[in-house]
Amino acid sequence: MAKNVESLSPFLVREVIGEQDIIGEHFTLILDSSAIPGLMKLGQPYRAPEGRMARIVRGSAIYRINLIDYQLREHDMIFMPPDTIVEIESLSDDYAVEVLVVNSLPGIRREDAVQILPHDVIHLSLADGDWQRTSSFIRLIADELHRDNNPAASHLILALQCDINSLWQRMEKSGTARRQSRGEEVFARFLALLRDYGMTHRTIPFYAERLALTPNHLSAVVRQQSGLSVMDWINRTTIMEAKILLKHSTLMMYEIADRLCFPEPTAFNRYFKKQTGMTPLEYREHK
């Protein structure tokens, strides 16, 4: 199986490849679950272009995914669609995780995959039986990938996702996963707008207008739902995008400032230092 490390996200680098790990054109499966945490960079967000699944084998972590913090514990699973922004906030010393990355699904029609794969982040805490069943799926997927049988692996991955979708639906029906309130719905729509416009618009009226709310109403809802202000969320979005560009691009400072719609590089420099305590250059050069 071809191993193309350069196509992977920052924490999946050559050092994690073990005898049971697989890095190929279509899939990456890391089963050496204690290796990845040592390569994760806390506070360095990245944009994952491909869909992925993580199984928490041991320990705990806090991931910031598309601006939201997720507390992950042993026997949790989290599914992330393509183009997800991920930042590792903290890891326990004993943290161990398995990761499946899906670049494409050979043998599967795109319209079929779209109906099954998640469009939003899914976070589940699994009971022992459900955890063992997903472990069986992962072993079967690994077997097919070692045989270089990508179409079979594709179907197994969709079968695993169908199983997870069924579990999520059962949780909804049982009340374990309740439906959104009006405030939660508004907050979710606000975050979606931030993902689309956060690099270019940093005023409360802009988002209030698109949500057909007054600025005061939007501010009250966001504060009630999250404990943070609208400007806190806007700043979090801007800084996350800035960190991605600083660490994962070769753009010059003036180019990053322009992309983030700052009037001049010095304004970007002042803003970034106020929010993070270091200049953009210091952050870029920090190991």
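Here is a friendly exchange about a predicted model, asking what stands behind some of its labels.

Me: Why is F187 called buried?

Reply: Buried means under 20% relative accessible area. F187 has a relative accessible area of 11%, so F187 is buried.

Me: And what makes W233 buried or exposed?

Reply: The value for W233 is 3%, which is under 20%, so W233 is buried.

Me: What makes F187 and W233 an aromatic pair, and why is the pair called edge-to-face?

Reply: Ring centres have to lie within 6.5 Å, and planes over 60 degrees apart count as edge-to-face. F187 and W233 are 5.4 Å apart centre to centre, with 65 degrees between the planes, so both conditions are met.

Me: Which parts of the chain does that pair link?

Reply: F187 is in helix α4 and W233 is in helix α7. The two are 46 residues apart, and the pair links distant parts of the chain.

Me: How do you know that F190 and Y207 are edge-to-face?

Reply: The angle between their planes is 85 degrees, which is over 60, so the pair is edge-to-face. Their centres are 5.7 Å apart, which is within 6.5 Å, so the rings do pair. F190 belongs to helix α4 and Y207 to helix α5 (residues 204-210), 17 residues apart. F190 and Y207 are both buried.

Me: How many aromatic pairs are there by this rule?

Reply: The count comes to nine. Ring pairs also link F262, F268, Y271, F272 and Y283 into a cluster.

Me: What makes you say that the charged end of R55 sits over the ring of W131?

Reply: For arginine the CZ atom has to be within 6 Å of the ring centre and within 35 degrees of the ring normal. The charged end of R55 is 4.0 Å from the centre of the W131 ring, so the distance condition is met. R55 is listed as sitting over that ring.

Me: Where does the charged end of K247 sit?

Reply: The charged end of K247 sits over the ring of Y283, 5.2 Å from its centre. That distance is within 6 Å, so the distance condition is met here too.

Me: Why are β1 and β10 said to stand at the edges?

Reply: The open sheet has six strands in the order β1-β2-β9-β4-β7-β10, with antiparallel pairing. β1 (22-23) and β10 (122-125) each have a single partner strand, so one side of each is left without a neighbour in the sheet.

Me: How do you know that β1 and β2 pair?

Reply: Two strands pair if there are at least two bridges between them. β1 and strand β2 (residues 27-30) have two bridges, so they pair, and they do it in the antiparallel sense. I23 has T28 in β2 as its bridge partner.

Me: What joins β5 to β6?

Reply: Strand β5 (residues 60-65) and strand β6 (residues 68-73) run antiparallel and are joined by six bridges. R64 has D69 in β6 as its bridge partner. In this hairpin two residues lie between the strands, and N66 takes a positive phi near 50 degrees.

Me: How many bridges pair β5 with β8?

Reply: Five bridges pair β5 with strand β8 (residues 84-91), again in the antiparallel sense. One of the partnerships is between I62 and S90 in β8.

Me: Where is L67, and is L67 buried or exposed?

Reply: L67 is in the loop between β5 and β6. Its relative accessible area is 4%, which is under 20%, so L67 is buried. L67 has a positive phi of about 85 degrees although it is not a glycine.

Me: What makes A212 buried or exposed?

Reply: Exposed means over 50% relative accessible area. A212 is at 70%, so A212 is exposed. A212 is in the loop between α5 and α6 (215-226), and its phi is positive, about 55 degrees, although it is not a glycine.

Me: Which residues line the second largest cavity?

Reply: They are N66, L67, I85, L194, R195, T237, M240 and E241. The elements giving two or more residues are α4 (182-197) and α7 (230-248), and α7 gives the most, with three. By class the lining has four nonpolar, two polar and two charged residues. The volume of this cavity is about 50 Å³.

How values were computed. Residues are numbered from 1 along each chain as its sequence is written. This is a predicted model: local features need pLDDT of at least 70, side-chain atom pairs count only at pLDDT 80 or more; totals for chains, interfaces and linings use all residues. Side-chain values use heavy atoms; hydrogens and water are left out. On a 1 Å grid over the protein atoms alone, a cavity is a set of points where a 1.4 Å probe fits but cannot get out, and a pocket is an open set with protein on both sides within 12 Å along at least five of seven lines; lining residues have an atom within 4 Å of a point. Grid points are joined across faces, edges and corners, and a volume is the space filled by probe spheres set on the points. Helices (H or I, at least four residues) and strands (E, at least two) are DSSP runs, numbered from the N terminus. Ala, Val, Leu, Ile, Met, Phe, Trp, Tyr, Cys and Pro count as nonpolar, Asp, Glu, Lys and Arg as charged, and the others, Gly among them, as polar. Rings of Phe, Tyr and Trp (its six-membered ring) pair if their centres lie within 6.5 Å; planes under 30 degrees apart count as stacked, over 60 as edge-to-face and the rest as tilted. Buried means under 20% relative accessible area, exposed over 50%, partly exposed in between (1.4 Å probe, protein chains only).
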